[in-house]
Amino acid sequence: MSLLEDLKWRYATKKMNGKNVAQEKIDYILEAARLAPSSSGLQPFQIFVISNQEVKEKIRTVASNQSQITDASHVLVFAAWDCYTLERIEKMFNYTMKERGLPMDTMDDYKKNLWSMYEPLGKEWHFNHAAKQSYISLGMALAAAAELKVDATPMEGFEPLKVDEILGLRELGLKSTVIMTLGYRDAENDWLVDMKKVRTPEDEFFTRID
């Protein structure tokens, strides 16, 4: 089945049935998220993969009591760097050079130029930029889940500071950005399951400049 057909199949599942998703499918979705592109290849975020029911219950209480969180097989919390630092940038570049078998100073000029641009922009800009990278990864994960016929719901309806506290993110220099639940739809009890997928018409959505 083509990617477009997979995306037509998926929807933001509102009610899940509590069944577990096989580990190999979870691993596939996570790998798609890990392989997502990011600005300068920095991957300035992490993904917390939660199957512990007690932790899911805690998150649900600060996420508008959305039942998908506790009925899902797994909950993914995307958490972005709270700010860029030269140390964080150097760590990722050094890892890249090591993996590619290149001299460690190969990207020194690029690294210095990047930090000279980022440093004066401030921590708020830093976090917002890092958060955008996490959303690219979210999109890849959503597509991979659809390919496997695993239901996935992206969520912003939660209290980030409280999720950060539950997961101890502040101590890690991270802030939660978005949540995605993975599981299987409860077709008999989900009001959205048979609704037509509606998107902006092509002639309004695309502006073609030839």
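Here is a walk through this structure, from the overall layout to the pockets, the aromatic rings and a few residues in loops.

Keep in mind from the start that this is a predicted model. The chain has nine helices and four strands, and if you follow it from the N terminus, the elements run α-α-β-α-α-β-α-α-α-β-α-β-α. Put a box around the C-alpha atoms along the principal axes and you get roughly 60 × 50 × 30 Å. Of the 210 residues, 42% count as buried.

There's one annotation to lay over this. An unreviewed UniProt entry carries "domain: Nitroreductase" on residues 7–184. Within residues 7–184 the chain is 49% helix and 16% strand. The C-alpha atoms at the two ends of that stretch are 16 Å apart.

Now for the pockets. The largest pocket holds about 600 Å³ of space, and 18 residues line it. If you want to find its centre on screen, go to Leu42, Gln43, Phe45, Gln46 and Met92, the lining residues that lie nearest to it. Three elements each supply at least two residues of this lining: helix H2 (23–34), strand E1 (45–50) and helix H5 (86–100). By class, the lining of the largest pocket splits into 12 nonpolar, three polar and three charged residues.

Gln43 deserves a closer look while we're here. This residue sits in the loop between H2 and E1. Is Gln43 buried or exposed? Neither, quite: its relative accessibility is 27%, and buried means under 20% while exposed means over 50%, so Gln43 counts as partly exposed. Try looking from Gln43 back to Glu24, 19 residues away along the chain: their C-alpha atoms are separated by 23 Å.

On to the second largest pocket, with a volume of about 450 Å³. Which element gives the most to its lining? That's H1, with three residues. Helix H1 (3–9) and helix H9 (202–205) each supply at least two lining residues. Among the residues that line this pocket are Leu4, Leu7 and Lys8, along with Leu142, Pro201, Glu202, Phe205 and Phe206. Lys197, Arg199 and Thr200 are also included in the lining, as is Arg10. Sorted by class, the lining of the second largest pocket has six nonpolar, one polar and five charged residues.

Next, the aromatic rings. The structure holds five aromatic pairs. One of them joins Phe93 and Tyr110, with 5.9 Å centre to centre and 50° between the planes. Why is this pair called tilted? Planes under 30 degrees apart would be stacked and planes over 60 would be edge-to-face, so 50° falls in the tilted class. Phe93 lies in helix H5 and Tyr110 in helix H6 (residues 108–118), so the pair ties together parts that are 17 residues apart in sequence. As for accessibility, Phe93 is at 4% and counts as buried, whereas Tyr110 has a relative accessible area of 41% and is partly exposed. Elsewhere, Trp81, Tyr84, Tyr118 and Trp125 form one aromatic cluster.

Some rings have a lysine for company. The charged end of Lys175 sits over the ring of Phe127, 5.0 Å from its centre. Lys149 lies over the face of Trp9, at 5.1 Å from the ring centre.

Stay with Lys149 for a moment, as its backbone is also worth checking. Where does Lys149 lie? You'll find Lys149 in the loop between helix H7 (122–147) and strand E3 (151–155). Its phi is near 60°, a positive value in a residue other than glycine. The relative accessible area of Lys149 is 27%, so this residue is partly exposed.

Asn65 also has a positive phi, of about 55°, although it is not a glycine. Asn65 belongs to the loop between helix H3 (53–61) and helix H4 (68–71). With a relative accessible area of 51%, Asn65 is exposed; the cut-off for that label is over 50%.

Definitions and conventions: Residues are numbered from 1 along each chain as its sequence is written. This is a predicted model: local features need pLDDT of at least 70, side-chain atom pairs count only at pLDDT 80 or more; totals for chains, interfaces and linings use all residues. Side-chain values use heavy atoms; hydrogens and water are left out. On a 1 Å grid over the protein atoms alone, a cavity is a set of points where a 1.4 Å probe fits but cannot get out, and a pocket is an open set with protein on both sides within 12 Å along at least five of seven lines; lining residues have an atom within 4 Å of a point. Grid points are joined across faces, edges and corners, and a volume is the space filled by probe spheres set on the points. Ala, Val, Leu, Ile, Met, Phe, Trp, Tyr, Cys and Pro count as nonpolar, Asp, Glu, Lys and Arg as charged, and the others, Gly among them, as polar. Rings of Phe, Tyr and Trp (its six-membered ring) pair if their centres lie within 6.5 Å; planes under 30 degrees apart count as stacked, over 60 as edge-to-face and the rest as tilted. Buried means under 20% relative accessible area, exposed over 50%, partly exposed in between (1.4 Å probe, protein chains only). A charge sits over a ring if NZ of Lys or CZ of Arg is within 6 Å of the ring centre and within 35 degrees of the ring normal. UniProt positions are given in the numbering used here, feature names are shortened, and annotations may be inferred rather than shown by experiment.
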